[in-house]
Amino acid sequence: MRHSGYVPDRCHSTLILSLENPARSDYTDNEKALVKVSMNKNIEATLQQFDALMRDKTSSLLGYPINTSKDYRTLYRFFDYSLINLGDPFVPSSYRINAEQFEIEALRFIAGLYRMPAADVWGYLASGCTESNLYGIFLGRELYPDARLYFSQDTHYSLSKIARLLRLPTTVIRSQTNGEMDYADLETQLRQHLDQAVIINCNLGTTMKGAVDQVERIVAVLKRLNIKRYHLHCDAALFGMMLPFLKGAPKADFTLPIGSLAISAHKFIGTHIPCGITLARKRLVKKIETPIEYIGTVDTTITGCRNGHTPLFLWYAIKTRGRTGFAREANGCVARAQYLAQRLKQIGWDHFINPFSNIVLLKKPAPSICKKWQLAISHDWAHVVVMQSVTKKRIDEFISDLHN
Ligand SMILES: Cc1ncc(COP(=O)(O)O)c(C=O)c1O
């Protein structure tokens, strides 16, 4: 078989298969080189197509809380290393190709935002907020093996999965119409099980409506019922990097008796690679740690090997934007969400927005519009999450689609 010029795909596969067959050694170096070049061209063409598709999809995202706008090019060189953070980030392991120094610095920054007492600062970067939630609830269950888990109807689906994983008895609390927990129902439900310890998941921003459960009101209920054996976990997936910067937002930090808190770093911060920020009080984590000789550190996290690149991305985001940058972005997103609500009002489109939220709930548009703008749906409703890259121009284009 002799080839010249373009070689069709089918011939490629035959030749590639033959090259893998040691019995067929009659191909010249030129032929082998030709296959390599053609294969590379095919690979490159596929990658270029994918690049164009991703560029297009990125420019039309409205429905999911992902900050798509950051440039991490300067970090690409670190993909040459097998960066793996192993075990507890605060206790060095025997594996040294890691980015734990960046993980610790990033965690300290977030712990500072949440006013964690210095002696209690602990956390780790997980695969996403689901794992960070799992960690928080797992910690509560380990501290109180007889615990019952409480969360509201508007809670992210990861919590019921976590309850199943941990085989935790669960009570779902009614939500108010704005999506916030109904504190009266919480009290009623807690009264039914006063013999059991309590784990409560508190939403600092619900997925669909962007409602914030008020930690202080939950704590007041626990006090009123004289419940002492409890673990409070906060799911702050998206709002975790917004609420600390919004004036007048409900108080939610470690000066309150919160045990653990979870934030998605790929959402508001936009690490591009999924990443969950887990914070938990060190004195609680100490009670469940196990020393492991094989890794030379203690086992405190859910997974063993953890992504060593995301800590770099997170650290870089923090260093280049800092408190001032995050504050500007958070307030900008909330302001543009208000703008979207205003525009929907102008065209008479049914909608709802909570205070301190960049999520606008709206009556579900036609399927073609939902598809074009990648809208998340719940029953008759959809939502737009106004992230950093959702400009007024993009909002106006969306309104024009709805109006026509
Ligand atoms: C409130 C809430 N919690 C948890 C999650 C899960 O986060 P992840 O996708 O990072 O696992 C989400 C995701 O949208 C969320 O909105």
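## The shell around the ligand

By class, the shell around the ligand holds four nonpolar residues, eight polar residues and one charged residue. This is a predicted model. In it, 13 residues surround the ligand. Those that come nearest are G128, C129, T130, H156 and A237.

Which helix gives the largest share of this shell? The answer is helix α4, residues 129-143, with three residues.

## Helix α4 against helix α5

Helix α4 also packs against helix α5, which covers residues 158-165. Their axes lie 10 Å apart, and the packing angle is about 50°. The two helices are therefore oblique to each other. The crossing of α4 and α5 is right-handed.

On the α4 side, the contact uses T130, N133, L134 and I137. On the α5 side, S158, L159, I162 and L165 take part. Five residues of this contact are nonpolar and three are polar. No charged residue belongs to the contact of α4 with α5. T130 plays two parts here: it is among the residues that come nearest to the ligand, and it meets α5 as well.

## Helix α6 against helix α7

Helix α6 spans residues 183-191, and helix α7 spans residues 215-224. Their axes come within 10 Å. They cross at roughly 30°. Angles under 35 degrees count as roughly parallel, so α6 is roughly parallel to α7. The crossing of α6 and α7 is right-handed.

Which residues of α6 and α7 meet? From α6 come Y183, L186, E187 and L190. From α7 come R217, I218 and V221. The contact of α6 with α7 has five nonpolar residues and two charged ones. Polar residues are absent from this contact.

## Helix α9 against helix α11

Helix α9 runs over residues 310-346, and helix α11 over residues 392-403. They pack with axes 10 Å apart, at an angle of about 25°. That angle makes α9 roughly parallel to α11. The crossing of α9 and α11 is right-handed.

Helix α9 brings R336, Y339, L340 and R343 to the contact. Helix α11 brings K392, I395 and I399. How do the residues of the contact of α9 with α11 divide? Four are nonpolar, three are charged and none is polar.

## Confidence in the model

The protein has a mean pLDDT of 93. A value of 70 or more is reached by 94% of its residues.

Residues 1-11 have a pLDDT below 50. Beyond near neighbours in sequence, this stretch has six contacts in the model.

How values were computed. Residues are numbered from 1 along each chain as its sequence is written. This is a predicted model: local features need pLDDT of at least 70, side-chain atom pairs count only at pLDDT 80 or more; totals for chains, interfaces and linings use all residues. A residue is near a molecule or strand if its C-beta atom, placed from the backbone, lies within 6 Å of it. Helices (H or I, at least four residues) and strands (E, at least two) are DSSP runs, numbered from the N terminus. Ala, Val, Leu, Ile, Met, Phe, Trp, Tyr, Cys and Pro count as nonpolar, Asp, Glu, Lys and Arg as charged, and the others, Gly among them, as polar. Axes are lines fitted to C-alpha atoms, for helices over the stretch in contact, and angles run from 0 to 180 degrees between N-to-C directions. Angles under 35 degrees count as roughly parallel, over 145 as roughly antiparallel, 65 to 115 as roughly perpendicular and the rest as oblique. A crossing is left-handed if the near helix is turned anticlockwise from the far one by less than a right angle, and right-handed if clockwise. Two residues are in contact if their C-beta atoms, placed from the backbone, lie within 7 Å. pLDDT is the predictor's confidence in each residue, from 0 to 100.
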